[in-house]
Amino acid sequence: MQDSTNQSATRAIPFDVGKLDRLMEEAGIDLLLVTSKHNVQYLLDAERAIFFDYMDALGVSRYLPVVIYPKGAPDKAAFVGHWLESHQRAVSPLWVPEVLTRASGSVDAIALAVEAIRKSGVPARRIGVELAFLPMDAGNALKGALPGSEIKDALYVLERLRAIKTPAELAKLRTASEMVTAAMLEVIAEHGPGSTKRELVDALRVAEVKRGLTFEYCLIASGASHNRAPSGVHWEMGDVLSLDSGGNFEGYIGDLARMAVLGGPDSELKDLLAEIEAVQQAAFAPIKPGAMGGDIYIAAEMALQRSPHREHIEFLAHGMGLVSHEAPRLTATGPVPYDDPDARLPLQPGMVVSVETTLKHPKRGFIKLEDTIAVTEAGHQMFGEAGRGWNIGATARL
């Protein structure tokens, strides 16, 4: 166990300090204690702790990284990490002036953070934390150690800080998207009649991992069923196949959906996917700088009203990045509950939106496209655009 200090001389601060300070001022926050792995990664611009990349539990407690950021005083920022990441931080220095890698669980991580706050002398009257990512034992320890402080939720502050992606972040999102679609097309091309849904998901896991992704999930539907769980159900001739997968590249999510069929699509399937495509294209059209986020939904709704299968179609658009369903938040009526401030705010270059249209056809099954769209200075750009039509399973190539 060791501490590494005075690392800031070798690293530039990777985020917009002025923007963060303004957001904290608007939210009435003096000091941030950031504990989610995604926001810790963002603020440090550093690889996540290797030992805890997959899970947080260890012994009788859990891994709890803490970035301490005082408003207007980045020179007094600090990081608290686990002793198992001390070597990692030593060979990859962080920008923060003080790095304490001697925590072993959640409560002592907070104790070290409080120690660093007191040592720095920065104001801590109003502390911003991520309430959804601060375990109760650590939260109680924080309140006990700083009883005069007000604890506030900093989720909105940190989400707004991340809303506009840098070129490096956009490159990672593009890579993740392209790898996910390439993996899907490989699996579709190599599997045919008799393949089970579980076999297809297992194959997709391998295909994504060998490309450098961390496989997160695959929602898979086959035939007339709308059930999207892996199972022993077989993919047979004439059946549609829906693959909706998330693959993670260095923390950034590629989340796309593509369609396949065994034996080639008939005229009805061609028409059904064309309906989905018409809604997608309508939703893409208003995506540009200055357009209100809600314009995406207005355009999609107009296309949906023209669809003969309107009662079976669902549309959703949401922000993408280190978190699925992050800013821009575009709807308050989607399946993931949150409010919709960005529906009434202009889109900005660097924002990334996932656009998805789903048809739950009562006879032909689950038909869906999901695409990742980045707002650019000139309009918008799609990431991972391959395979957006009907992809044909292995039997068509024999």
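Trainee: Where is P328 found?
Mentor: This model is predicted. P328 sits outside the flanking strands, β15 (313-319) and β16 (352-361). Its place is the loop between β15 and β16.

Trainee: What is the omega of the peptide bond from A327 to P328?
Mentor: P328 is in the loop between β15 and β16. The bond leading into P328 from A327 is cis. Its omega is near 5°.

Trainee: Is H325 buried or exposed?
Mentor: H325 belongs to the loop between β15 and β16. Phi of H325 is positive, about 70°, although the residue is not a glycine. Its relative accessibility is 16%, and the limit for buried is under 20%, so H325 counts as buried.

Trainee: Which residue just after α2 takes a positive phi?
Mentor: Helix α2 covers 37-44, and a loop runs from there to β3 (57-58). The residue in question is not a glycine, yet its phi is near 50°. It comes just after α2: D45.

Trainee: What is the relative accessible area of D45?
Mentor: D45 lies in the loop between α2 and β3. Partly exposed is the range between the buried limit of 20% and the exposed limit of 50%. D45 falls in that range because its relative accessible area is 44%.

Trainee: How many residues of α2 are buried?
Mentor: The helix is mostly covered. Its buried residues are H38, N39, V40, Q41, Y42, L43 and L44. Of the eight residues in α2, the buried count is seven.

Trainee: Are α4 and α5 roughly parallel or roughly antiparallel?
Mentor: α4 (residues 106-120) and α5 (residues 136-145) pack with their axes 8 Å apart, at an angle of about 30°. Angles under 35 degrees count as roughly parallel. So α4 and α5 are roughly parallel.

Trainee: Which residues of α5 does α4 meet?
Mentor: The crossing of α4 past α5 is right-handed. The contact residues divide into seven nonpolar, one polar and two charged. From α4 come S106, V107, I110, V114 and R118. On the α5 side they meet D137, A138, A141, L142 and A145.

Trainee: Which residues is A145 in contact with, leaving aside its neighbours within four places in sequence?
Mentor: A145 is part of helix α5. It is partly exposed because its relative accessibility is 25%. Its C-alpha is 7.8 Å from that of A111, 34 residues apart along the chain. Its contacts are V114 and R118.

Trainee: Are α9 and α10 roughly parallel or roughly antiparallel?
Mentor: α9 (residues 267-284) and α10 (residues 295-305) have axes 7 Å apart, and the angle is about 150°. Angles over 145 degrees count as roughly antiparallel. The two helices are therefore roughly antiparallel.

Trainee: How many nonpolar residues does the contact of α9 with α10 have?
Mentor: α9 passes α10 in a right-handed crossing. A278, V279, A282 and A283 in α9 meet I296, A299, A300, A303 and L304 in α10. By class, this contact has no polar and no charged residues; the nonpolar count is nine.

Trainee: How many residues of β14 are buried?
Mentor: β14 spans residues 252-261. Y252, G254, L256, R258 and A260 point one way. I253, D255, A257, M259 and V261 point the other way, and the residues on both sides are buried. The count is 10 of 10.

Trainee: Which residue in β14 stands opposite L243?
Mentor: β13 (residues 240-249) and β14 run antiparallel, joined by 10 bridges. L243 faces a residue that points the way Y252 and G254 do. Opposite L243 stands R258.

Trainee: What is the phi of E250?
Mentor: β13 and β14 form a hairpin with two residues between them. E250 is in the turn. Its phi is positive, about 50°.

Trainee: Which residue in β19 stands opposite V261?
Mentor: β14 also pairs with strand β19 (residues 390-392). Three bridges join the two strands, which run parallel. V261 is one of the buried residues of β14. Its partner in β19 is I392.

Methods:
Residues numbered from 1 in each chain as written. Predicted model: local features only at pLDDT ≥ 70, side-chain atom pairs only at ≥ 80, totals over all residues. Heavy atoms only, no water. Helix = DSSP H or I, 4+ residues; strand = E, 2+ residues; numbered from the N terminus. Buried < 20%, exposed > 50% of the residue type's maximum accessible area, 1.4 Å probe, protein only. Axes fitted to C-alpha atoms, helices over the stretch in contact; angles between N-to-C directions. Parallel < 35°, antiparallel > 145°, perpendicular 65-115°, else oblique. Left-handed = near helix turned anticlockwise from the far one by under 90°. Contact = heavy atoms within 4.5 Å. Nonpolar A, V, L, I, M, F, W, Y, C, P; charged D, E, K, R; others polar. Pairing = 2+ DSSP bridges.
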